[in-house]
Amino acid sequence: MEKTKHLAVGVTDKSDPYISISQRKVDDRLFWRWGDDNLFPQALALMARRSTTHRRIINDKADYISGKGFVCDGKREPRVGEFIDEANSEGESLRQVINKLAFDKSLFGNAFLEVVTDEKHSFVSIFHQDASQCRLARDSKHVMMHHDWADFKEKEVRVLPLYPAFERQNDGSLRAMVHYKDYEPTFTHYGVPPYIAGFGVSAIAYKTDRWNISRLDNSFQLSGVMMLDSSVDNEQEADRIVKMAERKFAGNPGQVMFVIRDGGEENDNSRFIPIASQNEGDWQALHEQAVSDIVVAHSWFRTLSGLDYNSGFSAERILHEYEVALNTVILGEQAELIEPIKGILSDLFGERGESLQVVNRPPTRSKPIYMKVWEARKADGLDYDPEDERQQMYLSEITKYNIRSID
């Protein structure tokens, strides 16, 4: 009687980039957990590094929200003008700090800003803090920062109060933290990223990409079953035969299932049975649907994500979608990030930052650079004043990438 022994089934990578990174019990007596294992931000960051469309949208949203720079009335608010150029002691401009905050908020649904000053309020510095390293303390009045929450050590933690409270540090400075978070019902301590409903489709897009990579690595060889006739006396001998067959037939381990049968020595019926795949079209459709769903989950737009350029470059459509994005997503996010900073400048500098504005520019040029500001405002249906000196400037003068302030 023929005996069949299944010794090796094609190994598939079942690792899921979106599951909890650690299953250890978390000692959360000092802080509020961010996710069941307190490592939800690390899982989100890993997901963003593996899904191309998902990452592109996060990058683009951060760039659009931080704009092309900031302008203000340097005569009325000179300290704000200086702050635009140099927001902290590391030489970062205000735009650079806002860009990092916008990136974290788009990725995590949370962002953290550190504020530094002294007793006399002689200076104000703001620093972006990596949201994945921040957790809210149990008193909900402090933020705890640690470099590795998977290996938390209380002695290594840094604690700062939430603004407007300040606490003196060892270097004599006063510091506080601002916590930005996207509202989500039933979530109290942390925000939830806007693409929360797109977790599944992001995984699909990543896995379909990985499937294509696997086919390429396997030189597009067919998957199948390798039937081997052989008499084996023990498991070690069976393993040896399987490894030998892998080297000879598999091409890419994981694509072939090996079956060893005790068929006798007279007739060798070893053969490879290919498994033909007839569903390549289904995979492509699945990937395209997943990409579309990712864009929807982000409340974003296809042309702003570079997805429709293969069907022709339409400047008119790009400008139209940019205008919609500007009025539905970008301006709201800008206000949410900048208003707390204006409050800080008002409290510590005495300058309210009323003239502080983001320079928003579409990805394609919609108006000639020789047009004056008041003419552009008139064309857009906005209030305009041809007698205003600032509106007498040409667009070419205020749309430079490294714009800082208007004196």
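Which residue in β9 is the bridge partner of Val116? In this predicted model, the partner is Arg175. The pair belongs to an antiparallel contact between β3 and β9, which are joined by 8 bridges. The description below starts from the chain as a whole and then returns to these strands.

The chain has 407 residues, and 42% of them count as buried. It contains 10 helices and 13 strands. Among contacts with a separation of 6 or more, 68% link residues 24 or more positions apart. The exposed surface is about 22600 Å². Carbon and sulfur atoms supply 49% of that surface.

Strands β3 and β9 are part of an open sheet of 4 strands. The order is β4-β3-β9-β8, and the pairing is antiparallel. Strands of a sheet pair through backbone hydrogen bonds, either parallel or antiparallel. β4 (125–129) and β8 (167–168) each have a single partner strand, so one side of each is left without a neighbour in the sheet. β3 and β4 pair over 5 bridges. Within that pairing, Leu113 has His128 of β4 as its bridge partner. At the other edge, β8 pairs with β9 (residues 174–181) over 2 bridges, again in the antiparallel sense. There, Arg168 stands opposite Leu174 in β9.

How many of the residues of β3 are buried? The count is 8 of 8. Both faces of the strand are covered. Asn110, Phe112, Glu114 and Val116 are buried on one side. Ala111, Leu113, Val115 and Thr117 are buried on the other. Helix α8 (residues 315–349) lies across β3 (110–117), β4 and β9. This helix runs at about 155 degrees to β9.

His179 lies in strand β9. Its relative accessible area is 19%, and the residue counts as buried because the cut-off is under 20%. The side chain of His179 makes a polar contact with the side chain of Asn110, at 3.0 Å. Beyond its neighbours within four places in sequence, His179 is in contact with Asn110, Ala111, Phe112, Leu136, Leu162 and His189. Three of these contacts, Asn110, Ala111 and Phe112, are buried residues of β3.

In soluble globular proteins, nonpolar side chains tend to be buried together. Here the largest nonpolar core holds 29 residues. Leu94, Ile126 and Ile341 touch the most other members of this core. The elements that give two or more residues to the core are α2 (52–66), α3 (78–85), α4 (94–108), β3, β9 and α8. α8 gives the most, with 7 residues. Ile126 has contacts with Phe83, Ala87, Asn88, Leu94, Val97, Leu113, Glu114, Val115 and Ile341, leaving aside neighbours within four places in sequence. Apart from this core lies another, of 19 residues. Its members include Ile58, Phe112, Met145 and Leu160.

A further open sheet has 3 strands in the order β5-β6-β7, with antiparallel pairing. β5 and β7 are its edge strands, and each pairs on one side only. Neighbouring strands of this sheet are turned by 30 degrees against each other on average, direction ignored. β6 and β7 pair over 4 bridges. Val143 has Leu160 in β7 as its bridge partner. Leu160 is also one of the members of the core of 19 residues.

Several loops carry backbone features of note. Most residues other than glycine have a negative phi, and most peptide bonds are trans. Ser140 has a positive phi of about 60 degrees although it is not a glycine. Ser140 lies in the loop between β5 (134–136) and β6 (142–145). Its relative accessible area is 33%, and Ser140 is partly exposed. Thr186, likewise not a glycine, has a positive phi of about 75 degrees. Thr186 is found in the loop between β9 and α5 (199–217). Is Thr186 buried or exposed? Thr186 is exposed, with a relative accessible area of 77%. A cis peptide bond joins Tyr163 and Pro164, with omega of about 15 degrees. Pro164 lies in the loop between β7 (158–161) and β8.

Methods. Residues are numbered from 1 along each chain as its sequence is written. This is a predicted model: local features need pLDDT of at least 70, side-chain atom pairs count only at pLDDT 80 or more; totals for chains, interfaces and linings use all residues. Side-chain values use heavy atoms; hydrogens and water are left out. Two strands pair if DSSP finds at least two bridges between them. Contact means heavy atoms within 4.5 Å. Axes are lines fitted to C-alpha atoms, for helices over the stretch in contact, and angles run from 0 to 180 degrees between N-to-C directions. Buried means under 20% relative accessible area, exposed over 50%, partly exposed in between (1.4 Å probe, protein chains only). A polar contact is a pair of N or O atoms within 3.5 Å; within protein, one must be able to donate a hydrogen and the other to accept it, and residues adjacent in sequence count only if both atoms are side-chain atoms. A nonpolar core is a set of buried Ala, Val, Leu, Ile, Met, Phe, Trp, Tyr and Cys residues joined through side-chain atoms within 4.5 Å. Accessible areas come from the Shrake-Rupley method with a 1.4 Å probe; for residues, only the protein chains shown count as cover.
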